[in-house]
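Dear colleague,

I am handing over the structure below for your attention. An account of what was found in it follows.

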Amino acid sequence: MKKISLGCDHGGYEAKEKVKEHLIKEGYEVIDVGTSSLDSCNYAIFGINAAKKVANKEADFGVIICSSGEGISIAANKIKGIRCGVGYNDDVSHLLREHNDANMIAFGAKFMQIEDIIRRIDIFLNSNFEGGRHQARVNTIIEEENK
């Protein structure tokens, strides 16, 4: 059973709860790092905490949600070993895995419908890294990260 690290700020809380319900229904184990309410909070804390679960192999993949998806993805990408992008459409959600070997995906709840977020999570989680010509690019990122 794949484990998914799930995090959000107040702007993504309602979407996160629906995503969590969906993932559990699909058979994933969910590690919910919060937030746990609509109270204003710091998105960076939750993006970082979700990313640490993926980086240390407690989770296979991560899903993070804030109002835009941008801030929380920037925070997650500060953790060594994380490659996270915003799944702003179906094709990109697939390409994040296929071309970039992303291990996390972010969403902006203010700018996306929940049905789109859930569909894009499914696309992401059911896509595989293609390797080949893309491996050299991912290696370049990893090498820079390791300097």
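Which backbone oxygen lies 2.9 Å from a polar atom of the side chain of R97? It is the backbone oxygen of A102. Please bear in mind throughout that this is a predicted model.

R97 itself is found in helix 4, which covers residues 90-98. The residue is buried, since its relative accessible area is 8% and the cut-off for that class is under 20%. Apart from neighbours within four places in sequence, R97 is in contact with F61, A102, F124, S127, N128 and F129.

A second residue of helix 4 may be considered alongside R97: S93 also has its place in that helix. S93 counts as buried, at 0% relative accessibility. With neighbours within four places in sequence left aside, the contacts of S93 are G87, I105, R120, I123 and F124. F124 is thus in contact with R97 and with S93.

I turn next to the strands at the start of the chain. Strand 1 (residues 3-8) pairs with strand 2 (residues 29-34) in the parallel sense, over five bridges. Between these two strands the chain passes through helix 1 (residues 13-25), and the resulting β-α-β crossover is right-handed. Within the pairing, S5 has I31 of strand 2 as its bridge partner.

The largest nonpolar core holds 39 residues, and V19 and M104 are the ones that touch the most other members. Helix 5 (residues 114-125) gives the most to this core, contributing six residues. Not counting residues up to four places away in sequence, V19 touches L6, V63, I65, I114, I117, I118 and I121.

The cysteines deserve a separate remark. How many disulfides does the structure hold? The number is zero. C8 is in no disulfide, and the nearest cysteine sulfur, belonging to C41, is 6.9 Å away. C8 is buried, with a relative accessible area of 0%. For C66, the closest cysteine sulfur is that of C8, at 9.5 Å; this is too far for a bond, because a disulfide requires the two sulfur atoms to be within 2.5 Å. C66 also counts as buried, at 4% relative accessibility.

Finally, some features of the backbone should be noted. As background, most residues other than glycine have a negative phi, and most peptide bonds are trans. The following places depart from that pattern.

- The peptide bond from G34 to T35 is cis, with omega near 10 degrees. T35 lies in the loop between strand 2 and helix 2 (43-55).
- K57 is not a glycine, yet its phi is positive, at about 70 degrees. This residue is found in the loop between helix 2 and strand 3 (61-66), and at 71% relative accessibility K57 counts as exposed.
- D101, likewise a residue other than glycine, has a positive phi near 50 degrees. D101 lies in the loop between helix 4 and strand 5 (104-108) and counts as partly exposed, at 21% relative accessibility.

Buried or exposed: how do K57 and R97 stand? K57 counts as exposed, whereas R97 is buried.

Yours sincerely

Definitions and conventions. Residues numbered from 1 in each chain as written. Predicted model: local features only at pLDDT ≥ 70, side-chain atom pairs only at ≥ 80, totals over all residues. Heavy atoms only, no water. Helix = DSSP H or I, 4+ residues; strand = E, 2+ residues; numbered from the N terminus. Buried < 20%, exposed > 50% of the residue type's maximum accessible area, 1.4 Å probe, protein only. Polar contact = N/O pair within 3.5 Å; in protein donor to acceptor, adjacent residues only side chain to side chain. Contact = heavy atoms within 4.5 Å. Pairing = 2+ DSSP bridges. Right-handed = clockwise from strand over helix to strand, strands pointing away. Core = buried A, V, L, I, M, F, W, Y, C linked by side-chain atoms within 4.5 Å.
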